[in-house]
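Q: I am new to this structure and would like a close look at a single part of it. Please start from one residue and then follow its surroundings outward.

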Amino acid sequence: MAAGGPRVVQLAPSLLSADAGQLADAARAVEAAGADLLHIDVMDGHFVPNLTFGPHVVAAIRRATTLPLDVHLMVQEPAPLVDAFIDAGADVVTVHWEAVTHLERLLAHIQARECLAGIALNPATPVSLLADVWAECDWLLIMSVNPGFGGQLFWPRALHKVQTAHEWRGELARPRIAVDGGVDETTAPLVAAAGADVLVAGSYVFDGDPAVRLGNLRRAVTT
Ligand code: DX5
Ligand code: ZN
């Protein structure tokens with residue numbers, strides 16, 4: 001564990017599993033229930049076989065909540081899109097390693113816009129590929145499912161990747177390590193113990209009462 005006492009694990013509900021007709025209400029509900037961030041999944045129908053939210057939806061959510069907005073871009077060509085999402089109110093912009101050719105340049109651009117710059121790794125992409133951009137990475141999103149849909153089963157090998165990233169980080173405060181996919185009250189403590197700082201959870205939070213489910217997750221990572 002890094003110096004400075006016990007790590008505080010943050011909870012980031014993913015709006016992908018919320019009622020699409022009530023996104024603002026869902027954002028307000030999880031904020032009231034103690035969420036730390038709001039995770040917004042942007043899908044383009046090419047990088048992943050699904051279509052979701054654009055910048056105007058992010059802007060509407062920005063108006064509904066004061067929570068930091070963590071925008072996960074699952075798009076084939078993120079570079080031309082990041083500014084629109086930052087203008088819409090994103091606080092973290094995460095792009096997929098598999099989708100970017102000039103990664104360090106894009107991370108620097110996101111940081112120059114005073115936003116945290118994140119890299120997401122698909123299950124088959126090893127953490128070791130980040131060696132030369134590690135210093136430029138504020139946020140590392142380790143996918144524990146193949147991206148594209150909520151409600152999939154947690155991929156246990158993601159735990160090894162979280163451990164590797166946590167060891168690489170050592171005493172440093174960054175990158176923040178987030179895990180996305182299949183997080184529920186059973187997998188959350190495993191992910192937290194492996195070294196994750198942020199747990200993204202969609203179907204687990206929104207398939208029940210979000211306040212109850214967030215409480216369950218909080219207990220699962222603090223006991
Ligand atoms: C999947 C998305 C996730 C999704 C997770 O591609 O990146 O953020 O919302 O959903 P659950 O928690 O249901 O696996
Ligand atoms: Zn996501």
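A: **One residue and its surroundings**

I61 has a relative accessible area of 2% and is therefore buried, a word that stands for under 20% relative accessible area, whereas exposed means over 50% and partly exposed lies in between (1.4 Å probe, protein chains only). This comes from a predicted model, in which local features need pLDDT of at least 70, side-chain atom pairs count only at pLDDT 80 or more, and totals for chains, interfaces and linings use all residues. Residues are numbered from 1 along each chain as its sequence is written, chains are lettered from A and ligands numbered from 1 in the order in which they are written, and side-chain values use heavy atoms, with hydrogens and water left out.

I61 belongs to helix α2, where helices (H or I, at least four residues) and strands (E, at least two) are DSSP runs numbered from the N terminus. Leaving aside residues up to four places away in sequence, I61 touches L15, A27, L38, I40 and L69, contact being heavy atoms within 4.5 Å. By contrast, the C-alpha atoms of I61 and H166, which lie 105 residues apart along the chain, are separated by 31 Å.

The helix that carries I61, α2 (residues 55-64), lies across β2 and β3 and runs at about 165° to β3; such angles, from 0 to 180 degrees, are taken between N-to-C directions of lines fitted to C-alpha atoms, for helices over the stretch in contact. Both strands belong to an open sheet of eight strands with parallel pairing, in the order β1-β8-β7-β6-β5-β4-β3-β2, two strands being paired if DSSP finds at least two bridges between them. At its edges stand β1 (10-13) and β2, each of which pairs on one side only. From edge strand β1, four bridges lead to strand β8 (residues 198-201), which runs parallel to it, and A12 stands opposite V200 in β8. Elsewhere on this sheet, helix α4 (residues 103-112) lies across β4 (92-96) and β5 (116-121), at about 145° to β5.

One of the contacts of I61, A27, leads to helix α1 (residues 23-32), whose buried residues are L23, A26, A27 and V30. Because they cover an arc of only 100° around the axis, these residues lie on the same side of α1, the arc being that of the directions from the helix axis to the C-beta atoms. The buried residues of α1 pack against α2, and also against β1, β2, α7 (203-206) and α8 (210-222). Just after α1, G34 takes a positive phi of about 100°.

Strands β2 and β3, over which α2 lies, also lead to a metal site. The zinc ion (ligand 2) is coordinated by H39 (NE2), D41 (OD), H72 (ND1) and D180 (OD) at 2.0 to 2.3 Å, donors being N, O and S atoms within 2.8 Å of the metal (3.2 Å for Na, K and Ca), with water not among the atoms, so sites may look incomplete. Along the chain, the donors of this zinc ion follow the spacing H-x1-D-x30-H-x107-D. H39 in strand β2 (residues 38-43) and H72 in strand β3 (residues 69-74), 33 residues apart, link distant parts of the chain. H39 counts as buried because its relative accessibility is 0%, and H72, also at 0%, counts as buried too.
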